[in-house]
Amino acid sequence: MLDVADDIASAALKGLSAVLASGVGDGSGLWGTVDHPIRVFLADQAAHLPVAPAALYAFWQLTGLIGLVGGFFGNAGARIAWLLFGIGSLAMIWSATPAGGRAAATGLAALMWALASIFALRGLSLRPIVHNHPPQFQPQFSPALHLHATLPAPTPPGDDAPDNVHALQR
């Protein structure tokens, strides 16, 4: 089963990277302002890896899509992946955008990510969950005090008294 899943994922990534390799944007427009720096960053990193830049970009998009859809359905792992995807995207945009437009591009990406997070983090509540059910096991408290002590056996009367005990004389 894992081998088949690996083959399916590999074929999907190859197909996505073939489609995305021809559609490299120039960075113009609203979406290009956010998308182009991510492509540039991943292309720079792919130069040091044995993987094509289009495959890295396709995997990055697939990760975001899984985080968005899985988060929408309430999967905690997908929500964590969505948060890490957004933070990573913002870091890539910050580092790959020219200095003059760095703050604007990162801010725009943060706003887009926040809008998408409305769906990815749907139903997430920061309020604590309070359960008002009585516990099923209720131990009984009995305040009785029990002391268990053993007393030494009395010694028979006679001259067996210790040397430091003497009868008081008047």
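**Entry 1: a loop residue**

Is V51 buried, partly exposed or exposed? I started with this one, keeping in mind that I'm working on a predicted model. I found V51 in the loop between α2 and α3. Its relative accessibility is 33%, so V51 counts as partly exposed, given that the middle class runs between 20% and 50%. Next I looked up what V51 touches. Skipping residues up to four places away in sequence, I got A46 and L56. Both names come back in Entry 3, where A46 belongs to α2 and L56 to α3.

**Entry 2: the whole chain**

Time to step back. I counted 5 helices and 0 strands in the protein chain. Reading from the N terminus, the order is simply α-α-α-α-α. How much of the chain is buried? Of the 170 residues, buried ones make up 22%. I also checked how far contacts reach along the sequence. Taking contacts between residues at least 6 apart, 59% of them join residues at least 24 apart.

**Entry 3: α2 against α3**

Helix α2 covers residues 29-46 and helix α3 covers residues 53-72. I looked up how they meet: their axes come within 8 Å and cross at roughly 125°. That angle falls outside the roughly perpendicular range of 65 to 115 and isn't over 145, so α2 and α3 are oblique to each other. The crossing is right-handed.

Which residues do the touching? On the α2 side I noted D35, I38, R39, L42, A43 and A46, and on the α3 side P53, L56, Y57 and W60. Sorted by class, this contact has 8 nonpolar residues, 2 charged ones and no polar ones.

I picked A43 for a closer look. It sits in helix α2 and is partly exposed, at 32% relative accessibility. A43 and Y57 are 14 residues apart in sequence, and their C-alpha atoms are 8.4 Å apart in space.

**Entry 4: a charged pair**

How many salt bridges does a search of the whole structure find? It finds 1. The partners are R39 and D35, whose side chains meet with 2.9 Å from N to O. A salt bridge needs the nitrogen within 4 Å of the oxygen, so I'm happy to write this one down. As general background, side chains of opposite charge can pair when their charged atoms come close.

Where are the two partners? Both R39 and D35 are in helix α2, 4 residues apart, which is about one turn of the helix. I also wanted to know if they were buried or exposed. R39 has a relative accessible area of 14%, so it is buried. D35 is buried too, at 9%. I had met both names already, in the list of α2 residues that meet α3.

**Entry 5: α3 against α4**

Helix α4 runs over residues 76-96. Its axis and that of α3 come within 8 Å, crossing at roughly 140°. The roughly antiparallel label needs an angle over 145, so α3 and α4 go down as oblique to each other. This crossing is left-handed.

The contact list is made up of W60, T63, G64, I66, G67, L68, G70 and G71 from α3, plus A78, R79, W82, F85, G88, S89 and M92 from α4. By class, I wrote down 7 nonpolar, 7 polar and 1 charged.

Then I looked at L83, which lies in helix α4. Its relative accessible area is 36%, so L83 is partly exposed. L83 and G64 are 19 residues apart in sequence, with 9.4 Å between their C-alpha atoms. What does L83 touch, apart from its neighbours within four places in sequence? It is in contact with W113 and L121.

**Entry 6: α3 against α5**

Last pair. Helix α5 spans residues 102-120 and packs on α3 at an angle of about 45°, with the axes 7 Å apart. An angle under 35 would count as roughly parallel, so α3 and α5 are oblique to each other. G67, L68, G71 and F72 of α3 make the contact with A116, F119 and A120 of α5. The classes here are 5 nonpolar, 2 polar and no charged residues. I recognised some α3 names from Entry 5: G67, L68 and G71 are also in the contact with α4.

Conventions
Residues numbered from 1 in each chain as written. Predicted model: local features only at pLDDT ≥ 70, side-chain atom pairs only at ≥ 80, totals over all residues. Heavy atoms only, no water. Axes fitted to C-alpha atoms, helices over the stretch in contact; angles between N-to-C directions. Helix = DSSP H or I, 4+ residues; strand = E, 2+ residues; numbered from the N terminus. Left-handed = near helix turned anticlockwise from the far one by under 90°. Contact = heavy atoms within 4.5 Å. Nonpolar A, V, L, I, M, F, W, Y, C, P; charged D, E, K, R; others polar. Buried < 20%, exposed > 50% of the residue type's maximum accessible area, 1.4 Å probe, protein only.
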